Amino acid sequence: MADLHIPIDRGKGAIAGQVATELREAIRQGRLEAGTRLPASRELARDLSVSRGVVVEAYEQLVAEGFLLARVGAGTVVAATARREPARVRERAPYYGHRPTSPDLGGFPRERWMAAVRHVLTTVPSDAFDYGDPGGVPELREELASYLKRVRAADVSADNLVIVGGVAQGLSLILHVLRSPKLAVEDPTSHRQVPLLRRTGAELVPIPVDEEGLRVERLRGVGAVLLTPAHQYPTGVVLSPARRAALMEWGGVVLEDDYDAEFRFDRDPVGCLQGLAPDRVILSGSVSKSLAPGLRLGWIAAPPDLAEAVRRARGELDLGSPVIEQYALAHLLRTGGYDRNLRRMRREYKKRRDALVRALAEHLPELVVRGIEAGLHIYLDLPEDWDEKEVAAAAQAAGLSAEEVGQMRFTEGPPAIVMGFARVPAHHADDVIARMKVSMSGQRKG
């Protein structure tokens, strides 16, 4: 385990940032080699005469940037790909691929989550671990209601919130209860969601999306619509004020997927639609982007009668979500840990987005970048004679997460791809896009 010399200027403030900077430079200069195990946060805090939270914040920042790895049972170690190499295009590219919408799981706040679970296990009475309300732990619903009102301008109470296993399960439950024969969906939309929706028996009616979002005037003849107004997937468009107003006048049931609402970079926050019409807008969200998809924790905010119907359906189908994780999330929300982690990851994702956009402008200026004001992916318009499958394949070969938009469309459209940036450390973006350009050198056009 490494002894660390970390000078701190207490007069400058931002102690966690100073610790992170010193560690980052030590890794870049080779003073901390790949695989080196760092002291536990408690030990380093004692050595530096700072609070443990300062060291935890510094470690989490460097894990998010790709300089460190945090592994259960192995402590915190220097990542193998952390040191910048002199050659711009390396022999072998690190792999940052997965789904373009995936967050950086290295940024998961392990220590804060462990502290929350420890708090739950030492304070919650044993009876709390029995079968409970299939709608969710009351403490979590109370904290979520407060959070959604404060952050998303939602009109919600604990009574009309139902805890679910992510947005996918929430949508399945809603459509099971609504039994709507026709459901309008955005075109293009996530192709992974389509089989789930069709399995509920709904007839999907594609509605085109333009630069203002869903074409609301095309909703004639359907009684319900599913849309992502905060940051449409895949285009990244935010539903315009005029379209929001038109949607409220339309009068049908709105299934609002609050996709990517947490990560906004260059625009003011936009309140959820549910806050405008809580009697007919069903809001769904989750911690899949803000914490990790594997937690399988999400929620539905619905009108009281519908919320009760969903709660009953949940009880009949699987008896509810795991309670320890619900209590842990409630603790994070109550103590501010959830907000702090969001702010930290928002700053980091903005750096990564900016670095990737700069690299694309330098190496592949033919690609038009869109939808970057929020979220974890960018939308790239391709020249008309380019093959989107081959461009996506070149990006994947370079280690990026990318998919062609054609498979997300119900109707024909111009070539485009989506590309995730959440898992690409800012200091690797230039290398990765340079590799992508090399992979495209033999690309067929047309």
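Contact here means heavy atoms within 4.5 Å. Keep that in mind for the exercises below, and remember that this is a predicted model.

**Exercise 1. Work out where Glu366 sits and which residues it is in contact with, leaving aside neighbours within four places in sequence.**

Start with the place: Glu366 is in the loop between α11 and β11 (368–370). Next, check its surface. The relative accessible area of Glu366 is 42%, and partly exposed runs between the 20% and 50% cut-offs, so Glu366 counts as partly exposed. Now go looking for partners. Once neighbours within four places are set aside, Glu366 is in contact with Asp381, Pro383 and Trp386. To finish, take Leu380: 14 residues separate it from Glu366 in sequence, and the C-alpha atoms of the two are 9.7 Å apart.

**Exercise 2. Decide whether Gln18 is buried or exposed, and list its contacts beyond four places in sequence.**

First find the residue: Gln18 belongs to helix α1 (residues 15–28). Its relative accessible area is 14%. Buried means under 20%, so Gln18 is buried. Apart from neighbours within four places, Gln18 is in contact with Pro7, Ile8, Asp9, Lys12 and Gly13.

**Exercise 3. Test the length of helix α10 (residues 323–335), then say what its buried residues pack against.**

Count 13 residues at 1.5 Å each, using one less than the number of residues; the helix should span 18 Å, and its end C-alpha atoms are 18 Å apart, so the two agree. Then pick out the buried residues of α10: Val323, Gln326, Tyr327, Ala328, Leu329, Ala330, His331, Leu332 and Leu333. These pack against α4 (110–123), α5 (138–152), β3 (161–164) and α11 (337–363). Just past the end of α10, Gly336 has a positive phi of about 90 degrees.

**Exercise 4. Do the length test for α6, and list its buried residues.**

With 12 residues, α6 should span 16 Å, and its end C-alpha atoms are indeed 16 Å apart. Buried in α6 are Val167, Gly170, Leu171, Leu173, Ile174 and Leu175. Right after α6 comes Arg179, with a positive phi of about 55 degrees.

**Exercise 5. Describe the largest pocket: its volume, its lining and the classes of its residues.**

Begin with the space, about 1000 Å³. The lining has 42 residues, and those closest to the centre are Val167, Tyr259, Ser286, Ser288 and Lys289. Two or more lining residues come from each of α5, α6 (167–178), α7 (193–199), β9 (281–286) and α11. Last, sort the lining by class: 16 nonpolar, 11 polar and 15 charged residues.

How values were computed:
Residues numbered from 1 in each chain as written. Predicted model: local features only at pLDDT ≥ 70, side-chain atom pairs only at ≥ 80, totals over all residues. Heavy atoms only, no water. Expected span 1.5 Å × (residues − 1). Buried < 20%, exposed > 50% of the residue type's maximum accessible area, 1.4 Å probe, protein only. 1 Å grid on protein atoms, 1.4 Å probe; cavity = no way out; pocket = protein on both sides within 12 Å on 5 of 7 lines; lining within 4 Å. Points joined across faces, edges and corners; volume = space filled by probe spheres on them. Nonpolar A, V, L, I, M, F, W, Y, C, P; charged D, E, K, R; others polar.
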